[in-house]
Amino acid sequence: MALPAEGWRLRAERGWAALDPAERERLAAAPLRDVVRLGCELLRPEAERAALWRLSQSERAGKEPRVARGCREEGNRLFGRRRYRAAAIRYSQAASHELPGTPEISICFANRSAALFHLGYFEVCLEDIARAESHGYPDRLLPKLLLRKAECLLRLGRLRDAADVLGAVEKKIAVDGITASPTQQRLLEKLSQLKVKIREKENCAEPAQEARGDVQRQSEIWEENDSVSGVSSSLSLRFNTERGRHLVASQDIVRGQSLLKEEAFVSVLCPGESLLLPDSGETALDIDVTNADLYCHRCLRQLLASVPCRGCSYAKYCSQACADAAWERYHRAECALGAPLLTLGIFCHVALRTVLLAGFAEVSRMVERSRGGDEGLHNPEVRGKHLDEAPDTRAGSRGIPGCNDSGRYQSSYQAVFNLLPHAEKHSPEHKFLCVLSVVAICKQLQEAGLEAAVLNRESSEKQSRPTAREQTSEELSPELMIVAEAMLRHVLQLQCNAQAITVMQELDLGDGAVVNEKPVRLATAFFPVLSLLNHSCSPNISVSFNGTAATVRASQPIPSGQEIFHCYGPHRCRMKVAERRRLLSQYFFECRCQACLDELQSDVQSVVSRRNSFCCPSCRASLQVGEDMLCCSNEACAVSVSRESLSHRLQDLQQEIKKALELLRDSKADQAIKSLLKCQRDAGNFLSPGHLLMGEMEDHLAQVHATLGRWQEAARHLKRSIEIVETHHGPSSVEIGHELFKLAQILFNGCAVSEALKTIQRAEEILSVHCGPQSTQIQELQEMKACLLELPRSVL
């Protein structure tokens, strides 16, 4: 949710409609400083605070023991079904809703350690056991937990540590006098078995098992640019009034070459859609699993065993170090705002975190520089007039907006601040919504007594309770007015400069032999260097993400002198030119890239129109494009069909496919196959053979057959899917790379050695360009290849 919740947006609309026309005109034309002042005057503290509180009730940000109990019970149910990964997620949710230092949270960590043990994550299991002990795990349950600890140490080859733990367990059992119940008897038997295992290990004198770390790979060759941080020396920074700041190849670039590496200046995790847990069944649990449960809220690494924030239930981290760093840098302010901050949307959240990370001194400096006579110097359209009269600034970059005093452009707050807010192009209604949201956040900060923390005047340990004046003041302090002005600028900037951080995510969080993944938006971020790239609907680069770091690689050869183009979303292979232009209007420019010009100036249908077309239900010839009626291209047939009826058939077909996939999730694979085959037959009566949905059905059939271990059938269907995907997206596209990755898994599991090796090589070549050599997919491909190459030569 980039913008605030719908209820808050409606409230802003009503407020705008109630404004006097003179006030509307004043707000529309005012500079950001005056817009903030008007926003403070127009926001009614008591009424807006009550409205925001009501709207934020749907956002779970506080600790709720009732929710924790439900999550823990659901985790126990999943654990009993041996769905250990799903159980661990529910235990993590439960821990996030329990108060720290209580027996309840310690039980959550202990239960999660059991799930991690069964998944084979012994080091992480030990961390959870330590957490359980530190939070006061019940003494009567401690022997069982310590036995798990000893078994982890044993599996890791740490025999002496395991023996020490067993000694502690024996002492505790002796002191407590455990002799009676069946459960206690099983504990003693387990203790005896572990002691035998330790003796056997010592007698065998096996070397200690080393913890498996990441595979070390050769670093990519990299020579950094002198004038732009994180950019290859093969690029140069240019500026002109038409294209603004942009990057151009200063030498010939080969496909796959690294061009840019940048750590996000700021990023905020987006919860995303609810995710399906295997065997979730019908439960009364009313809390969904989202990306907020699966990824670290600071570094965006995937979570195994999250460390919850001590104050809220929303923020979760991969380690205590990440939790502490987040708290010191920004979360102590965000945590106190709680649900209202989440209600006001990701853009407001990113804006707040941006000023918190930059620090008030730097924010104040940049805001002051942007005011008065210097304002034009921070507007690239105006500033460009003061640069060289030549169309491009080539030698030196000292005059380019965002560069520091030495002329270097880098990922800094100065660069973020100088991204265009397009304040004059946003609608007055939108600016009104944004300023009300920003002012509401700043007033919440002031009322919570967090002004000192925002202004970096006190450490978190020295913060005092808010005074009565701080709690009741309805006017923002001069310092918070500066913060609000900067935040408003950033909210407006984000519409044109927000970068989505995406990851490949498993669809069902399952443990199948063939991983079914799709790209999902994980976070919204500011990448000031990446923002130098202009848009094209047919880009020449590919962007991949590792945590909060972005890497740009050339997706095709780029000759010297050609501009480097990024795709802002609308791609020529995914939508028609009219759709692309409509979506790109949010960026306040009309796309005139070569792909758009070619499509507009020729009579040839777009790639999307040609390949996602309908066919005649009578003779199967293609239907010619029309407004309301589509006519058969076969003159002898002359059948015409209404576009509306075909659209209804397509929607019905998509619903049937959805039902077939639900059968697969319910472990009714044979029924799913029958349903998908019927969908294929129905689709053949009105969709062209190359329609993307035809490829999706082949992909689903491959998935079902792989579930049943029918590897040859799965490979046959997936190859048909790949043919269609290649027609749509090209032989070197990331989409083809992901399909080949799935095919490689199927061939590997089906022991089709020679074909698997060829597929692995092709998938590796494509995915290394789009995802990078360090990606998990590339590593899995290389592990499969290494395994196959170890087979006897006769098999190869």
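How many disulfides does the structure hold? The structure, a predicted model, holds 0 disulfides, and the cysteines described below show how two of the sulfur atoms are placed relative to others of their kind.

## The chain as a whole

The protein chain of this predicted model contains 32 helices and 15 strands. Of its 796 residues, 52% count as buried. Among contacts in the chain between residues at least 6 apart in sequence, 66% join residues at least 24 apart.

## Cysteines without a bond

A disulfide is a covalent bond between the sulfur atoms of two cysteines. For Cys296, the closest cysteine sulfur belongs to Cys299 and lies 3.6 Å away, which is too far for a bond because a disulfide requires the two sulfur atoms to be within 2.5 Å. Cys296 has a relative accessibility of 0% and therefore counts as buried. In the case of Cys567, the closest cysteine sulfur is that of Cys537, and the distance of 6.2 Å is again too far for a bond. Cys567, with a relative accessibility of 15%, also counts as buried, because the limit for that class is under 20%.

Cys296 is also where an annotated span begins, since the UniProt annotation "domain: MYND-type", taken from an unreviewed entry, covers residues 296-335. In the model, the end C-alpha atoms of residues 296-335 lie 15 Å apart, and the span is 40% helix and 10% strand.

## Cys442 and its surroundings

Where does Cys442 lie? Cys442 is part of helix α19, which covers residues 428-447, and its relative accessible area of 0% is the reason why it counts as buried. Leaving out residues up to four places away in sequence, Cys442 touches Leu476, Leu480, Val483, Ala484 and Met487. One of these contacts, Met487, is 45 residues from Cys442 in sequence, while the C-alpha atoms of the two residues are 9.5 Å apart in space.

## Glu485 in helix α22

Glu485 belongs to helix α22, made up of residues 478-497. Is Glu485 buried or exposed? With a relative accessibility of 8%, Glu485 counts as buried. Its side chain makes a polar contact with the side chain of Arg371, at 2.5 Å. Arg371 also appears among the residues that Glu485 touches when those up to four places away in sequence are not counted, and the others in that list are Leu32, Arg33, Val36, Val367 and Ser370.

## The sheet of β3, β11 and β10

One open sheet has 3 strands in the order β3-β11-β10, with antiparallel pairing. Strands β3 (258-263) and β10 (541-546) stand at its edges, and each has a single partner strand, so one side of each is left without a neighbour in the sheet. Neighbouring strands of this sheet are turned by 20° against each other on average, when direction is ignored.

Strands β10 and β11, the latter formed by residues 549-554, run antiparallel and are joined by 6 bridges. Within this part of the structure, Asn546 stands opposite Ala549 of β11. Helix α31 (residues 753-770) lies across both β10 and β11, and it runs at about 80° to β10.

## Gln499 in strand β7

Gln499 is found in strand β7, which covers residues 499-506, and at 14% relative accessibility this residue counts as buried. The side chain of Gln499 makes a polar contact with the side chain of His566, at 3.3 Å. Apart from neighbours within four places in sequence, Gln499 is in contact with Ala523, Thr524, Ala525, Phe527, Leu530, Phe545 and His566.

## The sheet of β13, β14 and β15

Another open sheet of 3 strands has the order β13-β14-β15, and its pairing is antiparallel. The edge strands are β13 (623-624) and β15 (640-642), each of which pairs on one side only. Strand β14, consisting of residues 629-632, is joined to β15 by 3 bridges, and these two strands run antiparallel. The bridge partner of Leu630 in β15 is Val641.

Which helix packs on this sheet? Helix α26 (residues 643-665) does so, touching β13, β14 and β15, and the direction of helix α26 makes about 65° with that of β15.

Terms used: Residues numbered from 1 in each chain as written. Predicted model: local features only at pLDDT ≥ 70, side-chain atom pairs only at ≥ 80, totals over all residues. Heavy atoms only, no water. Helix = DSSP H or I, 4+ residues; strand = E, 2+ residues; numbered from the N terminus. Buried < 20%, exposed > 50% of the residue type's maximum accessible area, 1.4 Å probe, protein only. Polar contact = N/O pair within 3.5 Å; in protein donor to acceptor, adjacent residues only side chain to side chain. Contact = heavy atoms within 4.5 Å. Pairing = 2+ DSSP bridges. Axes fitted to C-alpha atoms, helices over the stretch in contact; angles between N-to-C directions. UniProt positions renumbered as here; feature names shortened; annotations may be inferred.
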